[in-house]
Amino acid sequence: MNEIIPEMGLEGTWIGRCYIPKKMAYRNVEGPHVIWVHQKKVFDLSYYFKSTSELINTPNYKIYLKEGDPNIKEVCSLPELLENSIHYQKDTSKPFLLAPNDTQAVKACGVTFIQSLLERVIEEKAKGEPQLALQIRDEITSTIGEGLSNVKPGSPHAMKLKEELKKRGIWSQYLEVGIGPDAEVFTKGQPFSSVGFGSEVGVHSESGWNNPEPEVVLVVSNSGQILGATLGNDVNLRDFEGRSALLLGEAKDQNGSCAIGPLFRMFDDSFTLNDVKSSRVALSIEGSDGFRLEDSSDMGEISRSPEDLVAQVLSEHHQYPDGFVLFCGTMFAPTLDRDKKGMGFTHKPNDKVTIAAPKLGKLINWVNYSDKIPQWTFGINAFVNYTLERSKN
């Protein structure tokens, strides 16, 4: 557990949420509390903030992060919180981590890396059939892969390439958002639906071709300012989306299909947007069948800058009063055969998925079917009732 949060929170500004039971809760109302992790300790910020959205959209929020403030109660140690957040050993009478986002919109950008762009094209051409992907992968990669490596989306070069690919009959809707002027932006999940560190993530039981998508997730205010970052798993059903792009909602938004955490690392002297841009994100998958996959990607290879992605989400055309978290996209689309040759990778129940970056820590989750994991029950109405109950005391 020592590496889940770099330096155990000794350096950096770490914000998140955890469930706190009644006996320890602010005003004795159990539920999700905003926390600050500092010096290996977990502090409850409920006196000042109802949500991480409220904190992030408070310009001077850092003045409230003071150890020794009588209004900030120490909840537990960070190691205790992390240990009790693992789903199979969780004791609900003690605090455990939740996803750090709450009322913010959960947005995501797709095909922002050339490798994942090619895999989306392959999915489309294979119509969601993994056994066809191997042959198509060789064809697509040899035909257009090299030509995309230095293309800036929306540039005159990209538009010229687009016309050439159209003439050759291999244009795709994924190439449109991959090298065209407009990024793919979609809603990954609903407020409060994300799961956090240690939880199970869900895949649809009818999906036979799916994968994790390890990504850097930006923390963005309602004015469009990038204030921090964390890690995320944009769990994806490749067969669903491959059959039709109109199935994107089903492919991306199932119970437990969005994992975010472990905490928000907010920008300060020790962590800046430049650190985000130079992040290396590592992925490991460990199956109970002995399967193991390891890979890593470099944010420096992203085709659109974080600032550009944020500008395409929030503008005069679309506002987010609670702010938003934004998945930046991934270059991962595992192709290693897990069972039969040519069938590629797909998840199995009990897979352990670890997503890590040196300055953001580790997000660890276990895979199960979306109808077998705990149902999502705490939504906006529950949050409103929860905050009203706390205001009565």
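These legends go with close-up views of a predicted model, from its nonpolar cores to a strand, a cavity and a pocket.

**View 1. The largest nonpolar core and its best-connected members.** This core takes in 67 residues, and the ones touching the most other members are Leu-218, Val-276 and Phe-324. If you go looking for the main contributor, that's strand E18 (residues 361-369), which puts in four residues. There's also a separate core of 24 residues, with Phe-43, Leu-45, Leu-65 and Met-266 among them.

**View 2. Phe-324 and its surroundings.** Which residues does Phe-324 touch once its neighbours within four places in sequence are left aside? One set of contacts includes Leu-218, Val-219, Val-220 and Ser-221. Another includes Gln-104, Ala-105 and Lys-107, and Val-310, Val-313 and Leu-314 complete the list. Leu-218 turns up here as a contact of Phe-324, and both belong to the trio that touches the most other core members.

**View 3. Strand E18 between its partners.** Seven of the nine residues of E18 are buried, so the rest of the structure largely encloses this strand. E18 pairs with strand E8 (residues 200-203) in the parallel sense, over four bridges; look for Gly-202, whose bridge partner in E18 is Asn-368. With strand E17 (residues 352-357) the pairing is antiparallel and runs over six bridges. Here Lys-352 sits opposite Trp-366 of E18. To get from E17 to E18, the chain makes a hairpin through three residues.

**View 4. The second largest cavity.** The model has two cavities of 30 Å³ or more, and the second largest has a volume of about 50 Å³. Its lining is a mix: six nonpolar, four polar and two charged residues. Among those lining this cavity are Phe-113, Met-299 and Met-331, along with Glu-215 and Asp-298. Strands E10 (214-220) and E15 (292-298) each supply at least two lining residues, and E10 has the largest share, with three.

**View 5. The largest pocket.** How many residues line the largest pocket, and which lie nearest its centre? The lining counts 25, with Leu-98, Ser-194, Val-195, Pro-374 and Gln-375 nearest the centre. Strands E1 (13-20), E2 (31-38) and E5 (96-98) are the elements giving two or more residues to this lining; E5 gives the most, three. The volume of the pocket comes to about 630 Å³. By class, its lining splits into 12 nonpolar, 10 polar and three charged residues.

Conventions
Residues are numbered from 1 along each chain as its sequence is written. This is a predicted model: local features need pLDDT of at least 70, side-chain atom pairs count only at pLDDT 80 or more; totals for chains, interfaces and linings use all residues. Side-chain values use heavy atoms; hydrogens and water are left out. A nonpolar core is a set of buried Ala, Val, Leu, Ile, Met, Phe, Trp, Tyr and Cys residues joined through side-chain atoms within 4.5 Å. Buried means under 20% relative accessible area, exposed over 50%, partly exposed in between (1.4 Å probe, protein chains only). Contact means heavy atoms within 4.5 Å. On a 1 Å grid over the protein atoms alone, a cavity is a set of points where a 1.4 Å probe fits but cannot get out, and a pocket is an open set with protein on both sides within 12 Å along at least five of seven lines; lining residues have an atom within 4 Å of a point. Grid points are joined across faces, edges and corners, and a volume is the space filled by probe spheres set on the points. Ala, Val, Leu, Ile, Met, Phe, Trp, Tyr, Cys and Pro count as nonpolar, Asp, Glu, Lys and Arg as charged, and the others, Gly among them, as polar. Two strands pair if DSSP finds at least two bridges between them.
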